[in-house]
Amino acid sequence: MMLHILDKHDLQKRFHKLFFSNRMELMKPDEQIYRLTLSDLEEEAEKTIFIDDSEKNIETANQIGMHAFHCTNPNNLLTTLRDAGISF
């Protein structure tokens with residue numbers, strides 16, 4: 001559903017890369033999935049945005065330094081992105 005919202009509003013071009021855990025071989029909240037994502041991006045946690053519907057996943061992302069945002073409703077994704085400082 002989130003991908004549909006991103007496509008509908010042509011938001012994918014606003015990000016360097018998008019990661020979807022259902023396409024990766026690890027599961028959140030395993031810290032390794034966050035670290036592998038950062039490694040792939042060659043970026044520091046503090047310079048990344050993480051959006052998820054699970055409080056536990058948000059906690060883990062925050063613990064490693066990501067800017068994590070809790071979004072439980074795909075229809076609120078645009079508001080969440082605005083809160084994260086993304087303009088569109």
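## Exposed loop positions

A residue counts as exposed when its relative accessible area is over 50%, and as buried when that area is under 20%. In this predicted model, Glu42 has a relative accessible area of 73% and is therefore exposed. Glu42 sits in the loop that joins α2 to β1 (49-52). Although Glu42 is not a glycine, its phi is positive, at about 55°.

Asn22 is also placed in a loop, between α1 and α2. Its relative accessible area is 67%, so Asn22 is exposed. Asn22 and Thr37 are 15 residues apart along the chain, and their C-alpha atoms are separated by 13 Å.

## Backbone features

The loop between α1 (2-8) and α2 (31-41) also holds Pro29. The peptide bond leading from Lys28 into Pro29 is cis, with omega near 10°. Further along the chain, Gly65 follows α3 and has a positive phi, near 105°.

## Helices α2 and α3

The buried residues of α2 include Ile33, Tyr34, Thr37 and Leu38. Viewed down the axis of α2, the buried residues fall within an arc of 135°, so they line one face of the helix. These buried residues of α2 pack against β1 and α3.

In α3, Asn57, Ile58, Thr60 and Ala61 are buried. Down the axis of α3 the buried residues fall within an arc of 160°, so they too line one face of their helix. The cover over the buried residues of α3 includes α2, β1 and β2 (67-70).

## Nonpolar cores

In soluble globular proteins, nonpolar side chains tend to be buried together. Here the largest nonpolar core has 10 residues: Ile33, Tyr34, Leu38, Ala45, Phe50, Ile58, Ala61, Ile64, Met66 and Ala68. The elements that contribute two or more residues to this core are α2 and α3 (55-63). The largest share, three residues, comes from α2.

Apart from this core lies another, of nine residues, including Ile5, Cys71, Leu78 and Ile86. Ile64, a member of the largest core, is in contact with Glu31, Tyr34, Arg35, Leu38, Ala45 and Glu46, leaving aside neighbours within four places in sequence.

## Thr80 in α4

Helix α4 spans residues 77-83 and contains Thr80. The relative accessibility of Thr80 is 8%, so this residue counts as buried. Not counting residues up to four places away in sequence, Thr80 touches Ile51, Phe69, His70 and Cys71. Of these contacts, Cys71 is listed among the residues of the nine-residue core.

## The largest pocket

The largest pocket encloses about 1100 Å³ of space. It is lined by 34 residues, and those closest to its centre are Leu18, Phe19, Ile49, Phe50 and Ile51. Phe50 is also part of the largest nonpolar core, and Ile51 is one of the residues that Thr80 touches.

At least two lining residues come from each of α1, α2, β1 and α4. By class, the lining has 20 nonpolar, six polar and eight charged residues.

Methods:
Residues are numbered from 1 along each chain as its sequence is written. This is a predicted model: local features need pLDDT of at least 70, side-chain atom pairs count only at pLDDT 80 or more; totals for chains, interfaces and linings use all residues. Side-chain values use heavy atoms; hydrogens and water are left out. Helices (H or I, at least four residues) and strands (E, at least two) are DSSP runs, numbered from the N terminus. Buried means under 20% relative accessible area, exposed over 50%, partly exposed in between (1.4 Å probe, protein chains only). Contact means heavy atoms within 4.5 Å. A nonpolar core is a set of buried Ala, Val, Leu, Ile, Met, Phe, Trp, Tyr and Cys residues joined through side-chain atoms within 4.5 Å. On a 1 Å grid over the protein atoms alone, a cavity is a set of points where a 1.4 Å probe fits but cannot get out, and a pocket is an open set with protein on both sides within 12 Å along at least five of seven lines; lining residues have an atom within 4 Å of a point. Grid points are joined across faces, edges and corners, and a volume is the space filled by probe spheres set on the points. Ala, Val, Leu, Ile, Met, Phe, Trp, Tyr, Cys and Pro count as nonpolar, Asp, Glu, Lys and Arg as charged, and the others, Gly among them, as polar. The arc is that of the directions from the helix axis to the C-beta atoms.
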